Structure formats: structure tokens, C-alpha cells
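Here are some notes to read alongside the model, set out as numbered points. I hope they help you find your way around.

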Amino acid sequence: MATDSLPKDPDFVDPETQRILGEDTRFHRLGWKRLTILSIVEAIALGSLGLPAAFASLGMVAGLILTVGLGFVAIYAGYNIGQTKLKYPQIGHYADVGRLLFGKWGSKIFIGSFVTLLVFVIGSHCLTGAIAFRTITQSNVCALVFSISSAAILLLLAVPPFFAEIAILGYIDFASIIIAIGVTMIATGIQYSGGATISNPDAIPWSAWPKAGLTFSGAIVATNNIVFAYSFAGCLPSFMDEMHTPEDYIKTLWWMGGIQIVVYSLTGSIIYAFVGQGVQSPALLSAGPLISRVVFGIALPVIFISGSINTTVVCRYIHGKVYKDSMIRYINTTKGWASWIGLVFTITLLAWVIAEAIPIFSELLSIISALFVSGLSFYLPPVMWYLLLKEGSWYEKRNLKPAFFNGVVFIVGMIIFGCGTYASIAELLTQVLKITKFQSGSVGQPFTCS
């Protein structure tokens with residue numbers, strides 16, 4: 001039942017309708033300030049510490065240009081997604097856009113892409129959490145124990161079904177990543193203040209230009225690190241669906257985009273300037289074993305809170321579809337809570353099993369990200385403008401400017417899609433089909449302590 005068609009005067013509604021209206025209100029308590037924190041938490045994670053290595057490959061000039069340029073492209077694409085949500089309020093999640101654009105088959109493709117990407121992202125947080133625990137403790141405990149512990153924490157943090165409540169944890173998460181980045185900057189700055197150290201006497205200083213011998217695939221992989229740092233668009237409709245004033249998403253978009261651009265630019269450029277070509281990915285590894293343990297400890301909220309938000313988004317989508325005509329969708333009864341917790345457990349377990357079972361999970365995640373992130377965050381939003389938002393012909397005077405900008409964003413997205421997929425597959429073929437990773441032992445066996 002659509003709540004916008006219900007009478008609002010309580011004197012003329014029956015108790016059941018009043019209950020539906022009251023429960024629906026609980027799902028629309030998110031303001032733009034909390035949404036900003038929530039979006040930043042979902043977008044900025046430990047991946048931002050991989051940007052200095054991208055700068056080392058691309059050079060300072062290209063690194064900064066791509067970081068700032070792709071940031072504004074992502075903001076503009078996000079604006080189109082938000083406008084589509086406002087024009088078609090029945091869109092609860094990004095996956096719902098598929099039916100509007102391409103009908104029944106479009107809906108299936110979008111649902112598959114949306115759910116697959118988020119499940120793989122959750123799996124990556126399981127593995128990242130396990131790596132963090134192992135780094136912090138320097139323990140010989142079976143890696144599977146840390147992996148299961150990570151999955152359990154992600155599960156518990158995803159139990160609250162409302163984004164307005166999760167946003168409160170977002171303040172902790174935001175402080176965590178900013179402190180982690182700050183500590184890494186200070187530590188690398190102190191350690192490499194002379195340009196070279198006793199432990200690294202041959203350190204190469206930073207360069208404005210790409211490193212010598214950079215291959216096409218290497219350049220694309222480095223660029224992908226920047227692209228994926230701006231992959232926030234997939235969750236935007238889900239967040240907007242819980243806002244009490246959805247029009248305010250524009251404020252969030254500018255604040256979040258601006259903060260991302262500043263944080264990424266400073267992180268990439270400053271740490272690269274301190275460390276030079278020898279910077280590792282993630283950059284905290286360049287600060288030494290002790291600092292890496294400290295930073296991983298500080299960043300634990302980032303790993304788990306950010307990961308749990310993805311779980312909540314995908315579970316909210318599935319739960320809402322299964323119980324769209326039932327009060328159970330409001331998760332306010334015993335059956336509602338049982339079905340919700342069961343779904344969170346199932347999705348978390350699925351993500352953990354996939355991450356543990358696939359030896360080449362990181363390479364596969366890179367391919368999936370290249371395939372799906374390029375669409376969700378870049379080339380599909382311009383398609384939304386041309387097919388769903390544009391009024392009149394694209395060549396009309398009022399449409400020329402947005403038509404041009406959307407054309408540019410679409411081209412950028414398709415370049416990311418084509419080149420990113422090629423580079424990811426090339427990396428997979430190089431590392432796996434040549435059996436190098438298996439022979440070296442860098443790929444562990446599924447569900448073992450390695």
C-alpha cells in the first residue's frame with residue numbers, strides 16, 4: 001500500500017492505517033547531516049590509503065588531476081541519481097532503476113549487479129578485518145579464527161535496520177579513518193623527512209610525472225584505485241529512501257564529495273611526497289611494523305562499520321521486496337525481527353564463504369568492481385538523464401549544457417568500464433593462469449589457517 005495515497009487526517013483513518021503511517025515514519029528519520037556522515041562512512045575506507053601508491057605510478061600531476069576530476073564527475077553523476085529518485089519516489093534502491101530504464105530484463109540485470117557487488121564488498125571487509133587482527137596481534141592463531149571473528153562483528157553491526165541509527169556509529173567511523181590517515185601521514189613524514197632512511201637508503205623522491213616503464217595496464221590499475229574510491233553512488237537511493245526531506249540530498253552530495261576530494265588529494269599527495277616511489281599499498285605499511293599495527297587498530301571501526309552498512313543496504317532491499325505488502329517489512333514484530341536477523345546472517349555467511357572459498361578473490365573483486373562500479377557510479381547516471389529526466393529534445397537550448405556534461409560523464413564511465421575490465425582481467429591472467437601466485441604460496445587454500 002502506498003502511504004502517499006493514504007489520508008493524513010487521523011480522524012478519518014482506521015487503526016491499521018494509522019499504524020502503517022506510524023511505522024512508515026520510523027523509516028524516514030534521516031536528515032542530510034546524518035546522511036552526510038553515513039555516505040562518507042560508506043565511501044571513505046582503508047582503500048584511501050592505497051592512493052599514495054596510485055600517485056607513485058601516475059605521478060603527482062596526473063594523480064591530482066584524476067583525483068579532483070573524477071571527484072567532480074562522481075558528484076555530477078550522483079546528482080542525476082538523486083534527481084531520478086525524486087522524480088520516481090517508488091525507487092527504493094538502485095536496483096529498482098533497471099525496470100524504469102530497460103524493463104523486465106533491465107530489472108534483473110540491475111538486481112544481479114547490485115546484490116553481487118555488495119556481497120563481494122562485504123566479503124572483502126571480512127578478509128580485511130582478518131588481516132587487521134592478524135597484523136595487530138602478530139599472532140600465530142589460525143587465520144580462519146580471525147576471519148570468522150570479522151564476519152561475526154560485521155553481522156552484529158548490521159542488525160540495526162535503520163540508517164538513522166547506523167549513522168550514529170558513523171561519527172566513530174569518520175573519526176577513525178581521519179585519525180588513521182593522520183597518523184600515517186605524520187609517521188611517514190617523520191620516518192622519511194630526509195628523503196632516505198637507514199632502512200631505505202635508496203629511496204626515490206617523488207616525481208611530478210609517471211614512473212619510468214609504466215605499462216598501460218599498470219596505469220589503469222592505478223587509476224582504478226582512484227575510481228573505486230568514489231564508488232558511493234550505488235547506495236545513494238537506499239539512503240535517500242529513509243530521508244524525511246529527500247530534496248536535501250544535494251547538500252549531502254556537495255559536502256561528501258568535497259570532503260572526499262580534499263581527503264583523497266591530501267592523502268595521496270602528501271604521503272607520496274614523504275615516501276616517494278617506494279610507497280606501499282596500503283600506505284600504512286610504509287610507516288613500519290609498529291605504526292601499521294597502531295593504524296590498523298585505529299581503523300578497526302572503519303573496516304567493520306563501513307562493511308556492515310553494505311550488509312544493511314542489500315538486506316533492506318531483499319527484505320523490502322519479499323515483504324513489500326506486509327507489516328513485516330517494518331521490522332516491528334517478532335516475525336519481522338526473526339526474518340531480518342536471519343537475512344543478515346545469510347548474507348554475511350554467503351559473503352564470508354565466497355571470500356574464503358575463492359583463492360583469487362581480490363582479483364575477482366577487482367574485475368567485478370570494474371564491471372559494476374563503472375556503471376553504477378559513472379556511465380548509467382547520464383543514461384538516466386537522457387531517458388528519465390530530460391524534458392524535450394537534447395539539442396534544445398535549455399538542454400545543451402546538461403547534455404554536454406552528461407555526454408562527458410558517459411564517455412568517462414565507458415572508458416573506465418572498458419580499460420578497467422581489460423586491466424583487471426590482464427592482471428588476473430598474469431597472476432593466476434601463469435600459476436605464479438599458487439607456486440609462490442601467496443594464495444592460500446580455502447578454509448585453512450594459511
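1. With which side chain does the side chain of N406 make a polar contact? The partner is the side chain of N80, at 2.5 Å; a polar contact is a pair of N or O atoms within 3.5 Å, where within protein one must be able to donate a hydrogen and the other to accept it, and residues adjacent in sequence count only if both atoms are side-chain atoms. N406 is found in helix α15 (residues 397–433) and is buried, with a relative accessible area of 0%. Leaving aside neighbours within four places in sequence, N406 is also in contact (heavy atoms within 4.5 Å) with residues including Y76, P381 and W385.

2. A word on the ground rules. This is a predicted model, in which local features need pLDDT of at least 70 and side-chain atom pairs count only at pLDDT 80 or more, while totals for chains, interfaces and linings use all residues. Residues are numbered from 1 along each chain as its sequence is written, and side-chain values use heavy atoms, with hydrogens and water left out.

3. Now the overall picture. The chain has 16 helices and zero strands, both taken as DSSP runs numbered from the N terminus (helices H or I, at least four residues; strands E, at least two). Of the 450 residues, 51% are buried; buried means under 20% relative accessible area, exposed over 50% and partly exposed in between, with a 1.4 Å probe and protein chains only. Among contacts between residues at least 6 apart in sequence, 83% join residues at least 24 apart.

4. Next, the core. The largest nonpolar core (buried Ala, Val, Leu, Ile, Met, Phe, Trp, Tyr and Cys residues joined through side-chain atoms within 4.5 Å) holds 118 residues, and those with the most contacts inside it include L30, Y94, F239 and V313. Helix α5 (residues 97–137) gives the most to this core, with 14 residues. Not counting residues up to four places away in sequence, F239 touches L30, L38, F163 and V313, among others.

5. On aromatic pairs, rings of Phe, Tyr and Trp (its six-membered ring) pair if their centres lie within 6.5 Å; planes under 30 degrees apart count as stacked, over 60 as edge-to-face and the rest as tilted. The count comes to 14 aromatic pairs. F102 and F110 are tilted because their planes are at 55 degrees, with ring centres 6.3 Å apart. F102 is partly exposed at 45% relative accessibility, whereas F110 is buried at 8%. Y76, a contact of N406, forms one aromatic cluster with F404 and F405.

6. Helix α10 (residues 249–275) is a neat length check. Its 27 residues should span 39 Å (1.5 Å times one less than the number of residues), and the end C-alpha atoms are 38 Å apart, which agrees. G276 follows α10 with a positive phi near 85 degrees. In the loop between α10 and α11 (289–298) lies P282, joined to S281 by a cis peptide bond with omega about 0 degrees.

7. Finally, two backbone angles to look at. Most residues other than glycine have a negative phi, and most peptide bonds are trans. Q138, in the loop between α5 and α6 (143–157), has a positive phi of about 50 degrees and is exposed at 53%. I331 also has a positive phi, near 50 degrees, but is buried at 0%; I331 lies in the loop between α12 (300–322) and α13 (334–357).
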